Structure formats: structure tokens, C-alpha cells
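Visitor: Hey, could you walk me through this one? I'd like to start with what sits inside.

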Amino acid sequence: MPKGSETTVKECHDCGQSGPEWCSINHGVLLCDECCSVHLSLGRHISQIKSFKRSYWPPNQLNLIYEVSSNGANLVWEYGLLDPQNKVPRKKPSAKDALP
């Protein structure tokens with residue numbers, strides 16, 4: 001991750017666990033091991049996973065992920081959960097929830 005990112009982004013965007021080691025590139029969110037396995041089970045056509053420790057990151061891609069994740073990527077993906085017009089309230093899924 002870019003310098004200084006350890007102090008800015010240090011939680012999984014899905015469950016809040018500290019020390020995310022994975023990233024969903026097309027969603028711009030950082031993930032822990034457990035949430036990474038959930039994203040992997042969704043399929044590569046839905047969530048493209050990449051490891052911070054085991055993969056090569058071009059500097060421009062790493063900076064883009066850092067900017068998107070630290071500037072509210074979840075606000076985009078979780079908008080339906082927060083939408084006041086939504087008639088049926090939904091809870092944010094957790095990694096332990098069964099897949100539909």
C-alpha cells in the first residue's frame with residue numbers, strides 16, 4: 001500500500017476487521033481473509049480480488065485503490081442500504097451469512 005496508508009485505511013470495508021490484506025479491484029474496497037473468500041465465491045465476473053502481499057501492484061493502480069478506498073468506496077456500493085426511499089430495510093451482510 002502507499003506510504004502512510006497504514007494509518008489511514010486499516011479496516012476491512014465489509015466487516016471492519018483490522019489489517020486487510022486483499023482488495024476487490026473493481027469495487028475499490030479492502031478486504032480481510034474471510035471477506036476475501038466471500039468475494040472469491042461470488043466469481044471473478046463480480047469481484048476481482050488481488051493480494052497486497054503476494055501480487056505485483058503498479059504504483060498508479062495502488063494509488064488509485066488507495067484513493068478510492070479511503071474516500072468512501074462503500075458509500076457507492078452500500079447506497080441501497082442507506083436509501084430512505086427503500087421500503088424494505090436491509091442489513092449489511094456479514095461474511096458469516098449464507099450465500100443466496
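**Inside the model**

Guide: Sure. The largest nonpolar core has 9 residues: Cys12, Trp22, Val29, Leu31, Cys32, Cys35, Cys36, Ile49 and Ala73. Keep in mind that this is a predicted model.

Visitor: Okay, and which strand and helix each supply at least two residues of this core?

Guide: Those are strand S2 (29–31) and helix H2 (33–42). Apart from this core lies another one, made of 6 residues, including Leu30, Phe52, Trp57 and Leu62.

Visitor: What is Ala73 in contact with, leaving aside its neighbours within four places in sequence?

Guide: Ala73 touches His27, Gly28, Val29 and Val68.

Visitor: Back to H2. Which of its residues are buried?

Guide: Cys35, Cys36 and His39 are the buried ones in H2. Looking down the axis of H2, you'd find them within an arc of 105°, so they line one face of the helix.

Visitor: And what covers those buried residues of H2?

Guide: The cover includes strand S1 (22–24), S2 and strand S3 (49–51).

Visitor: What follows H2?

Guide: Gly43 does, and its phi is positive, near 105°.

Visitor: New topic: how many aromatic pairs does the structure hold?

Guide: Just 1 aromatic pair. Phe52 and Trp57 form it, and they're stacked, at 5.1 Å centre to centre with 20° between the planes.

Visitor: Are Phe52 and Trp57 buried or exposed?

Guide: Both Phe52 and Trp57 are buried.

Visitor: Which charged end sits over the ring of Trp57?

Guide: That's the one of Lys50, 4.5 Å from the centre of the Trp57 ring.

Technical notes. Residues are numbered from 1 along each chain as its sequence is written. This is a predicted model: local features need pLDDT of at least 70, side-chain atom pairs count only at pLDDT 80 or more; totals for chains, interfaces and linings use all residues. Side-chain values use heavy atoms; hydrogens and water are left out. A nonpolar core is a set of buried Ala, Val, Leu, Ile, Met, Phe, Trp, Tyr and Cys residues joined through side-chain atoms within 4.5 Å. Buried means under 20% relative accessible area, exposed over 50%, partly exposed in between (1.4 Å probe, protein chains only). Helices (H or I, at least four residues) and strands (E, at least two) are DSSP runs, numbered from the N terminus. Contact means heavy atoms within 4.5 Å. The arc is that of the directions from the helix axis to the C-beta atoms. Rings of Phe, Tyr and Trp (its six-membered ring) pair if their centres lie within 6.5 Å; planes under 30 degrees apart count as stacked, over 60 as edge-to-face and the rest as tilted. A charge sits over a ring if NZ of Lys or CZ of Arg is within 6 Å of the ring centre and within 35 degrees of the ring normal.
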